[in-house]
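Me: Please take me through the structure shown below as a series of questions and reasoned answers.

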Amino acid sequence: MAEVRPVGIVLVSHSAAVASAVAELARGLAGVGAEVPVAPAGGTADGGLGTSAELIAEAAAAVDRGAGVAVLTDLGSAVLTVKALLAEGDELPEGTRLVDAPFVEGAVAAVVTASTGADLAAVAAAASEAYTYRKE
Amino acid sequence: MLDADFFRRWMTATAASVEREADRLTALDSPIGDADHGSNLHRGFTAVRSVLEKEAPDTPGGVLVLAGRQLISTVGGASGPLYGTLLRRTGKALGDAAEVSDTDLASALRTGVEAVMALGGAAPGDKTMIDALVPAVDALDRSFAAARTAAEEGALATTPLQARKGRASYLGERSIGHQDPGATSAALLVAALADTAEVSRG
């Protein structure tokens, strides 16, 4: 059986602490043995609040195993920067996709789904599906 | 006709103007934003100025594509991808020509503004940079000076509007009564274009 190449996950937040904590949370909830490459891209390159195109490109390259990369973002410049990088054509690995999903719940759904060996479309669908989870 | 040097001078003039007005842009961004618009754009256009000195692209399109890419890389706020997309798409629309006409520029800039609207989802009246850019592009068919006036009037006209995009939109009615910082910086970009055209034509 051919080895299943996992989808990579990039988590983009205005805050480095939020991005890495959500990555840790999603990995933790995905369970032991889940071999999903997850990389946070939080804050600006100098450690402030904001979005860094450079950190996003580095994170996407780091998690790319050839099966596509799902990018989840918080808001504002995080969304716009990823969209602008995707429009550029050569800044992010082939098969990189911005996923329309809530940041925390979507990240957990994406990592858990990716850990089953699901493809990019299934990972993206699971993350978007998290929007339908109601809390009251 | 407008050559690569004209476009480099436009970007340099914008960098100087943003540097001069950075504190005012940040002050406008304080009541309705996160008080970083001036410093973000200052960092971005300073980087644009230095990359253009270093690489010196030899076509108008090349200058704007490089400037746009630099803004996306260095600004760190929403204005980076928005202005970056504006310049890059305008530059791509200009293609590889060594010189372009005023009409070519007006048409390319319209393509760039439409790309910004598609990226951010803003329409005229949402209290954004679009409120300065759309009237400027419309007026550019008449003259550079008319475009400058239209952009400045468009920026001033954002004051009574309620924000419908970005962080300011969370403030609802409290965003009314403040001039939009993005429309204000967009007017600086257009004013720098008009200044550059005036200098080169005497």
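The exchange below concerns a predicted model and treats strands, helices, rings, backbone angles and salt bridges in turn.

Me: Is strand S1 of chain A mostly covered or mostly open, and how many of its six residues are buried?
Reply: In a regular strand, side chains alternate between the two faces of the sheet. On one side of S1(A), Gly8(A), Val10(A) and Val12(A) are buried, and on the other Ile9(A), Leu11(A) and Ser13(A) are buried as well. The strand, residues 8-13, is thus mostly covered, and the number of its buried residues is six of six.

Me: Which strands pair with S1(A), and in which sense?
Reply: Five bridges join S1(A) to strand S2 (residues 38-42) of chain A in the parallel sense. In S2(A), Ile9(A) has Val38(A) as its bridge partner, and Val12(A) has Ala41(A). Towards S3(A), Gly8(A) is bridged to Val69(A). S1(A) also pairs over five bridges with strand S3 (residues 69-73) of chain A, so the partners are S2(A) and S3(A), and the sense is parallel.

Me: Which residues make the nonpolar surface patch of about 240 Å²?
Reply: One member, Leu29(A), lies in helix H1 (residues 16-30) of chain A. Its relative accessible area is 55%, so Leu29(A) counts as exposed. The patch is made by Leu25(A), Leu29(A) and Val104(A).

Me: How far apart are the end C-alpha atoms of helix H4 of chain B, and how many of its residues are buried?
Reply: The helix covers residues 79-94, and at 1.5 Å a residue its 16 residues should span 22 Å, which agrees with the 22 Å between its end C-alpha atoms. Just after the helix, Gly95(B) takes a positive phi of about 70°. H4(B) is largely enclosed by the rest of the structure, because its buried residues number 13 of 16.

Me: Helix H3 of chain B has 15 residues; how many of them are buried?
Reply: From first C-alpha to last, H3(B) (residues 60-74) reaches 21 Å, close to the 21 Å expected. Its buried residues include Pro60(B), Val63(B), Leu66(B) and Ile72(B). Gly76(B), which follows the helix, has a positive phi near 85°. H3(B) is mostly covered, and the count of buried residues is eleven.

Me: What is the phi of Lys127(B), and is this residue buried or exposed?
Reply: Most residues other than glycine have a negative phi. Lys127(B), in the loop between helix H5 (102-120) and helix H6 (130-140) of chain B, has a positive phi although it is not a glycine. Its relative accessibility is 2%, so Lys127(B) counts as buried. The phi is about 70°.

Me: Where is Ala56(B) found, and what is its phi?
Reply: Ala56(B) occupies the loop between helix H2 (37-55) and H3 of chain B. With 41% relative accessibility, Ala56(B) counts as partly exposed. Although Ala56(B) is not a glycine, its phi is positive, about 40°.

Me: What is the angle between the planes of Phe6(B) and Phe144(B)?
Reply: The structure holds three aromatic pairs over all chains. Phe6(B) and Phe144(B) form one that is tilted, at 6.5 Å centre to centre, with Phe6(B) in helix H1 (residues 4-32) and Phe144(B) in helix H7 (residues 144-156) of chain B, 138 residues apart. Both residues are buried, and ring pairs link them with Phe7(B) and Trp10(B) into a cluster. The angle between the planes is 45°.

Me: Which residue forms a salt bridge with Arg201(B)?
Reply: In this salt bridge the closest N and O atoms are 2.9 Å apart. Arg201(B) lies in helix H8 (residues 181-201) and its partner in helix H5 of chain B, so the pair ties together parts 99 residues apart in sequence. Arg201(B) is partly exposed at 47% relative accessibility. The partner is Asp102(B).

Me: How far apart are the closest N and O atoms of Arg8(B) and Asp5(B)?
Reply: Both residues lie in helix H1 of chain B, three residues apart, about one turn of the helix. An α-helix has 3.6 residues a turn, so residues three or four places apart point the same way. The pair forms a salt bridge, and the distance is 2.8 Å.

Technical notes. Residues numbered from 1 in each chain as written. Chains lettered and ligands numbered in written order. Predicted model: local features only at pLDDT ≥ 70, side-chain atom pairs only at ≥ 80, totals over all residues. Heavy atoms only, no water. Phe/Tyr/Trp six-rings, centres within 6.5 Å; stacked < 30°, edge-to-face > 60°. Helix = DSSP H or I, 4+ residues; strand = E, 2+ residues; numbered from the N terminus. Buried < 20%, exposed > 50% of the residue type's maximum accessible area, 1.4 Å probe, protein only. Pairing = 2+ DSSP bridges. Expected span 1.5 Å × (residues − 1). Patch = residues over 30% accessible without salt bridge, like charges linked within 9 Å, V, L, I, M, F, W, Y side chains within 5 Å. Areas by Shrake-Rupley, 256 points an atom, 1.4 Å probe, with all protein chains shown as cover. Salt bridge = Lys/Arg side-chain N within 4 Å of Asp/Glu carboxyl O.
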